[in-house]
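Work through the exercises below with the sequence and the structure at hand. Each task is followed by a solution in steps.

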Amino acid sequence: MIDGLAGGELIEGLSDGELSDALVLEDAGDTGFGFEVDSRLDGQGRTGTITTPHGTIETPAFIVVGTKATVKAVVPESLLDLGAQAVLANAYHLYLQPGSDIIDEAGGLGSFMNWQGPTFTDSGGFQVMSLGSGFKKVLAMDTTGLGDDDVIAEGKTRMAHVDDDGVTFTSHLNGDKHRFTPEISLQIQHRLGADIMFAFDELTTLMNTRPYQERSVERTHAWAIRCLAEHQRLTVEQAGKPYQALFGVIQGAQYEDLRRQAARGLAELEVDGRSFDGFGLGGALEKRHLGTIVGWMSEELPENKPRHLLGISEPDDFFAAIAAGADTFDCVNPSRVARNAAIYTADGRYNVNTAASRRAFAPLEDGCDCYTCTHYTRAYLHHLFKAKEILSSTLATIHNERFTVRLVDNIRTAMKAGDFEAFRDEFLGRFYASRRLPQQLLK
Ligand SMILES: [Zn+2]
């Protein structure tokens, strides 16, 4: 059985006249959402402030990921301490468990997880794509199979099927069949109640052919129109609730013309008097071309709307994307690798599991201001990991999230002071000292 939400009906109990009044009021009213650019680099890079009904976000900013309404192993109070400005959760996961109706009844995502600040939800498009192809990481994608549209990871079963109307997929939890359409994704995200939502898009892999990427950009644009229409309908219907901003998601893989066409199309799009409040820079991005591709999109997008780059957290990627005009970022990696004992420091990444940390009675990183480093030693963390104590995940995650949030904060500070390039060269020189500097930084 296909499990979907009822949708598509007009607002109950309103006559035509009242409906148009409601639309006009919404257009003229203050949504509580906005973005202002504070300062600019020579190219596309900028610092700014995103205003939401639950507080502001100084950009560039790293948004911590709480996939299932929790940053794994870390209490929300610790997230505040480590400087997180906002949390991003996942519409797909929360729809399956506990159900978007329960989060709605709890007063929305922030209220449910006791996070008072701004929240984001992604549309579920990425998870549905992962189910479709079996791949986890877009940036690390192997492109040896280039040219094959029926991409599926070895040993995986296809769990999602895309058509022009939406996606039918099998729950990874219990095998139940579900269906996402642009309308259903927006209905779920409105129930989750995050300040910033993403339009439902089709995410392709780098292995899809050029004709498939073209069709996918067209399909994503058609879905964007439906997302905006449904967003407007729900916004009017829920007029008493805080406004939820909607970001359009730009696809187009590695093709300059497709990226520019997709960005321009979404930037100009207006449905029922509503346009996108910001943009998600999505999809398959080859690491070595990251800055170039982000730059193509930034050139086509309006200056006064924020741009969120989905799914990056490596230091060199931050610098490249920020210089090219990206404002906010999210990624599960800092917490995921922390649970495997991988620790980020200004001198690169190391594993606290190895014998070198057994008697290291020093912080995970010298000079780090995080709770873990100011209270515990590498030797203690080494012991916790060896003994498989769950506190290891908590303490390592706090450090890695603090490292990542602080890095982007420091980039913002350097930009405002006019020191972006000097800070970049110094930071990356030190971080990658033991490795070859990434190609995009040698230009
Ligand atoms: Zn630390």
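## Exercises on a predicted model

**Exercise 1. Locate Pro-60 and describe the peptide bond that leads into it.**

Solution. Pro-60 sits in the loop that links strand 3 (55–59) to strand 4 (61–65). The model is a predicted one. In it, the bond from Thr-59 to Pro-60 is cis, and its omega is near 0 degrees.

A second case can be treated likewise. Gln-97 and Pro-98 are joined by a cis peptide bond with omega of about 10 degrees. Pro-98 belongs to the loop between helix 3 (91–96) and helix 4 (100–105).

**Exercise 2. State how many helices and strands the protein has, and what share of its residues is buried.**

Solution. The count is 16 helices and 16 strands. Of the 443 residues, 56% are buried. The exposed surface comes to about 18700 Å², of which carbon and sulfur atoms supply 49%. As for contacts with a separation of 6 or more, 68% are between residues 24 or more positions apart.

**Exercise 3. Decide whether helix 11 (residues 315–323) is largely enclosed or not, and list its buried residues.**

Solution. Step one is to apply the cut-off: a residue is buried when its relative accessible area is under 20%. Step two is to list the residues of helix 11 that meet it: Pro-315, Asp-316, Asp-317, Phe-318, Phe-319, Ala-320, Ala-321 and Ile-322. Step three is the conclusion: eight of the nine residues are buried, so helix 11 is largely enclosed by the rest of the structure.

The flanks of the helix can be added. Before helix 11, in the loop that follows strand 13 (307–310), lies Ser-313. Ser-313 is buried, at a relative accessible area of 5%. Leaving out residues up to four places away in sequence, Ser-313 touches Phe-62, Phe-318, Cys-331, Asn-333, Pro-334 and Thr-404. Just after helix 11, Gly-325 has a positive phi of about 110 degrees.

**Exercise 4. Describe how helix 11 packs on helix 15 (residues 391–416).**

Solution. Start with the geometry: the two helices pack at an angle of about 35 degrees, and their axes are 11 Å apart. The crossing of helix 11 and helix 15 is right-handed. Next, list the residues. Helix 11 contributes Pro-315, Phe-318, Phe-319 and Ile-322, and helix 15 contributes Thr-404, Leu-407, Val-408, Ile-411 and Met-415. Sorted by class, this contact has eight nonpolar residues, one polar and no charged.

**Exercise 5. Work out how helix 11 and helix 16 (residues 420–431) are oriented to each other.**

Solution. The axes of helix 11 and helix 16 come within 10 Å and cross at roughly 160 degrees. Angles over 145 degrees count as roughly antiparallel. Helix 11 and helix 16 are therefore roughly antiparallel. Their crossing is left-handed.

The contact involves Pro-315, Asp-316, Phe-319, Ile-322 and Ala-323 of helix 11, together with Phe-420, Phe-423, Arg-424, Phe-427, Leu-428 and Phe-431 of helix 16. By class, there are nine nonpolar residues, no polar and two charged.

**Exercise 6. Analyse the packing of helix 7 (residues 182–192) on helix 8 (residues 210–237).**

Solution. The angle is about 40 degrees, with the axes 8 Å apart. That makes helix 7 oblique to helix 8. The crossing is right-handed. On helix 7, the residues in contact are Pro-182, Glu-183, Leu-186, Gln-187 and His-190; on helix 8 they are Trp-223, Arg-226, Cys-227, Glu-230, His-231, Arg-233, Leu-234 and Thr-235. The classes here are five nonpolar, four polar and four charged.

**Exercise 7. Find the buried residues of helix 10 (residues 290–300) and what covers them.**

Solution. Eight of the 11 residues of helix 10 are buried. These are Leu-290, Ile-293, Val-294, Gly-295, Trp-296, Met-297, Ser-298 and Glu-300. Their cover includes strand 11 (245–250), helix 9 (256–268), strand 12 (278–281), strand 13 and helix 11.

**Exercise 8. Place two residues other than glycine that have a positive phi.**

Solution. Asp-272 has a phi of about 50 degrees, and lies in the loop between helix 9 and strand 12. Ala-341 has a phi near 75 degrees. The loop that holds Ala-341 runs between helix 12 (333–338) and strand 15 (342–345). Ala-341 is buried, with a relative accessible area of 0%.

Methods. Residues numbered from 1 in each chain as written. Predicted model: local features only at pLDDT ≥ 70, side-chain atom pairs only at ≥ 80, totals over all residues. Heavy atoms only, no water. Buried < 20%, exposed > 50% of the residue type's maximum accessible area, 1.4 Å probe, protein only. Helix = DSSP H or I, 4+ residues; strand = E, 2+ residues; numbered from the N terminus. Contact = heavy atoms within 4.5 Å. Axes fitted to C-alpha atoms, helices over the stretch in contact; angles between N-to-C directions. Parallel < 35°, antiparallel > 145°, perpendicular 65-115°, else oblique. Left-handed = near helix turned anticlockwise from the far one by under 90°. Nonpolar A, V, L, I, M, F, W, Y, C, P; charged D, E, K, R; others polar. Areas by Shrake-Rupley, 256 points an atom, 1.4 Å probe, with all protein chains shown as cover.
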